[in-house]
Amino acid sequence: MSTTAESRAAASTGPNFAVPGEPDAAFYGRLGEAHLAPLWRVPGTDAPEPVVTDVPHVWHRRDVMALMDEAATAVDLGGESDRRALNAVNPARRKGTTHTMIAGYQLVLPGETAPAHRHTPSAIRLMLSGSGHTMVEGEPMLMNPGDLILTPGWTWHDHRNDGDEPMLWLDALDVPFVQTMNAQFYEDFPGKQLQPLTQAEDASTNRYGTGMVPYGARSKTLHSPLTKYPYAATKEALAKLRVDEGSPEHGVELEFTNPLTGGPVLPTMTCGMHLVPAGNAAITRRHTSSVIFCAVEGAGHTVIDGERFDWEQHDFLAIPSWSTYRHVADDGADAVLFSMNDRPLYEPFGLYREEREEQS
């Protein structure tokens, strides 16, 4: 038989595999040199549930603000930085509050301005104390405590404190996700100035914030056209829902939506507000998305995978993916918690899963 014929015969009967056994170290070394990884040694490929490396953690306002006070004396806006922000880093990560989101406090002192810029990551602002303006695409929005302000990706935005007390808010951005996708872009406004005002104050609230929308309006973006969700309206809606549902002891919750689509406010993050009655607990749940909660009102604790984390007003905490959690409000006052969740990243691919306790 010719050499060519022998080769064809060998191909027809398949390769001559050795009897299976434990490969030696030299074999794994050759795989590494070839930039290959054996599937049977890749962690998590056959795990029955998600393998999560992030850990739950709470950041207390009183602790962070002691450091923010130092930052206020050390960092002038427009000097070393255009933003005086302290980002929360998950103890199990080098950066990021969760694997997709980053949160932290931002401070603007009376008379200060933070010049305009834009970036592909989307941002959420939850006003905690003080009062002032954030400008988004030429629209000035007055920020009061509890208000939710959106800064969608690649929109010009700046901040201005024309009041007599510091502005403090909670930032949350999808920076870790955008960076993982190699899609982060950034641009300063020309001359690193404030952007010109081209719309009336709270124009988007006047147009879309009444529960009705202009006739014939159609969604032109992936984000909500409403860039401000006032806390007064949110709190009123929570109170009415609580009455409508018979004051359930586990509380009520609302989700902020895009008024044109009914979907999430941003393509990568959804936001909600949760009321837990005094001395009671919210339902127990877990889901594949990660979530960050901030206490708008009240105090209490959250039990995450059996571990207790205490919080009070304006503290915030990170809950990793697929972690079981339950909020409990202290006696004496209801607790109101704001949430930002990366669920929209999971749903289009059928990857979102949630389990919750059954209610009687």
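Two strands count as paired if DSSP finds at least two bridges between them. Strands themselves are DSSP runs of E, at least two residues long, and helices are runs of H or I of at least four residues; both are numbered from the N terminus.

**Before you start**

This is a predicted model: local features need pLDDT of at least 70, side-chain atom pairs count only at pLDDT 80 or more, and totals for chains, interfaces and linings use all residues. Residues are numbered from 1 along each chain as its sequence is written, and side-chain values use heavy atoms, with hydrogens and water left out.

**Stop 1: the whole chain**

Show the chain as a cartoon. It has six helices and 22 strands. The C-alpha trace spans about 95 × 60 × 50 Å along its principal axes. Of the 360 residues, 46% are buried. Buried means under 20% relative accessible area, exposed means over 50%, and partly exposed lies in between (1.4 Å probe, protein chains only).

Now turn on contacts (heavy atoms within 4.5 Å). Among contacts between residues at least 6 apart in sequence, 74% join residues at least 24 apart.

**Stop 2: the six-stranded sheet**

Select strands 2, 3, 10, 5, 8 and 12. In that order they form an open sheet with antiparallel pairing. Which strands stand at its edges? They are strand 2 (85-87) and strand 12 (228-229); each has a single partner strand, so one side of each is left without a neighbour in the sheet.

Zoom in on strand 2. Its antiparallel pairing with strand 3 (residues 102-108) runs over three bridges. Pick asparagine 87: glycine 104 in strand 3 stands opposite.

Next, add helix 3 (residues 61-74). Helix 3 packs on this sheet and touches strand 2, strand 3, strand 5 (123-129) and strand 10 (167-173). The direction of helix 3 makes about 50 degrees with that of strand 3. Axes here are lines fitted to C-alpha atoms, for helices over the stretch in contact, and angles run from 0 to 180 degrees between N-to-C directions.

**Stop 3: the five-stranded sheet**

Select strands 7, 6, 9, 4 and 11. This open sheet has the order 7-6-9-4-11, again with antiparallel pairing. Strand 7 (139-143) and strand 11 (186-188) are at the edges; each has a single partner strand, so one side of each lacks a neighbour in the sheet. On average, neighbouring strands of this sheet are turned by 25 degrees against each other, direction ignored.

**Stop 4: strand 6**

Colour residues 132-136, which make up strand 6. Is strand 6 largely enclosed or left open? Five of its five residues are buried, so strand 6 is largely enclosed by the rest of the structure. One side carries Gly132, Thr134 and Val136; the other carries His133 and Met135.

Look at the partners on each flank. Five bridges join strand 6 to strand 7. Histidine 133 has leucine 142 of strand 7 as bridge partner, and methionine 135 has proline 140. Four bridges link strand 6 to strand 9 (residues 157-160), also antiparallel. There, methionine 135 is partnered by aspartate 158.

Follow the chain from strand 6 into strand 7. The two form a hairpin with two residues between them. Select glutamate 137 in the turn: its phi is positive, about 50 degrees.

**Stop 5: alanine 37**

Move to the loop between helix 2 (25-33) and strand 1 (57-59), where alanine 37 sits. Buried or exposed? Alanine 37 counts as exposed, at 59% relative accessibility. Finally, draw a distance to proline 225, 188 residues away along the chain: the two C-alpha atoms are separated by 46 Å.
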